[in-house]
Amino acid sequence: MPEVVAFPIRHDWSRSEVEALFALPFTELLHRAACAHRQHFDPSEVQVSTLLSVKTGGCPEDCGYCPQAARYHTGVDATKLMDPAEVVEKARQAKAAGASRFCMGAAWRSPKDRDIPKVAEMIREVKALGLETCATLGMLSGGQARALKDAGLDYYNHNIDTDPEFYGDVIHTRQMHDRFDTLAQVRDAGMKTCCGGIVGMGESRRQRAGLLMTLANLPAHPDSVPINRLVQVEGTPLHGTVELDPFEFVRTVAVARILMPKSMVRLSAGRETMSDELQALCFAAGANSIFHGEKLLTTGNPDTGRDQALFERLGLRPMQVDAVRDDSIDACTATVHAGITEAA
């Protein structure tokens, strides 16, 4: 029997170690991920967020998965930044439906300084409703990050998307170091980071391991780690990509939980086409956050009624913002390194 120890918080994972976790027998991997989950969270609680596109389309980037890129013909029309009063009303509706965090997304490469006061007004008003606030606006300068923090922004989302060695196959208008720079500005401003990636874009398992290794080896683990399954949109370069095996998606969730045991691991894009059984496996693998509502920016998402029914079937409940986490070590927690050695 392996020695019972805590799952460590590490920032020095090697690719071979992460690949070895992916290679574990499926049931063993899920067991380890579930133990890591219980070390820091109540496994019957799921944090619920709502995402609203406050400025849609017209983005100058060329991200191969994104229907909001101006250069692709996807039927997404560009819009102006929403009025703060309209955003606040959407936030009220989200809170009434059970969300504890409200995320505002704008399709910018980076916001202009003139846009920040209006976004800051949205943040202040949403925060006043008693919701956690999150924004994803593209690349930020240090001054912009501080202004958003001063307005009350809790989280900033800026995904790295994929493994650095695969990044250039998907995106050409922005470099990986640009993403790291924005994450550093967010951390320096004192905000929490929401940072994950997309799987199913044609990457290999090695590259999925590289994505999670890169996230886990950041100076601080992201507070939230969105795991997106590619939503294929006609007109984007990645439309027609071979779909990722569902069990491989669950493995990705489980490895993310083991590498970043204190982070929220969120089922994000792609949930609309996931069966209830697949989502249940993801929760068993350590996912403890979802986006709630009919849309994720421009793509579909399960409606709140379906989510509520699934929670009831699985005995899950929405996590409260002020919930106290039990950081005690569960007796089932086993050493990560034992399995890595066996699988290597």
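Biologist: Which residues of helix H2 are buried?
Modeller: In this predicted model, helix H2 covers residues 26-40, and 11 of its 15 residues are buried, so the helix is largely enclosed by the rest of the structure. The buried residues of H2 are Phe26, Leu29, Leu30, Arg32, Ala33, Ala34, Cys35, Ala36, His37, Gln39 and His40.

Biologist: How far apart are the end C-alpha atoms of helix H2?
Modeller: At 1.5 Å a residue, the 15 residues of helix H2 should span 21 Å. The distance in the model agrees with that expectation, the end C-alpha atoms being apart by 22 Å.

Biologist: Is glutamate 45, which forms a salt bridge with arginine 317, buried or exposed?
Modeller: The salt bridge has its closest N and O atoms 3.6 Å apart, and the pair links distant parts of the chain, with glutamate 45 in strand S1 and arginine 317 in strand S12, 272 residues apart. Arginine 317 counts as partly exposed because its relative accessibility is 38%. For glutamate 45 the relative accessible area is 15%, and since buried means under 20%, glutamate 45 is buried.

Biologist: Which residue meets glutamate 132 in a salt bridge?
Modeller: Glutamate 132, in strand S3, counts as buried at 14% relative accessibility, and its partner lies in strand S2, so the pair ties together parts that are 31 residues apart in sequence. That partner is buried too, with a relative accessible area of 1%. At 3.1 Å, N to O, the side chain that meets glutamate 132 belongs to arginine 101.

Technical notes:
Residues are numbered from 1 along each chain as its sequence is written. This is a predicted model: local features need pLDDT of at least 70, side-chain atom pairs count only at pLDDT 80 or more; totals for chains, interfaces and linings use all residues. Side-chain values use heavy atoms; hydrogens and water are left out. Helices (H or I, at least four residues) and strands (E, at least two) are DSSP runs, numbered from the N terminus. The expected span of a helix is 1.5 Å times one less than its number of residues. Buried means under 20% relative accessible area, exposed over 50%, partly exposed in between (1.4 Å probe, protein chains only). A salt bridge is a side-chain nitrogen of Lys or Arg within 4 Å of a carboxyl oxygen of Asp or Glu.
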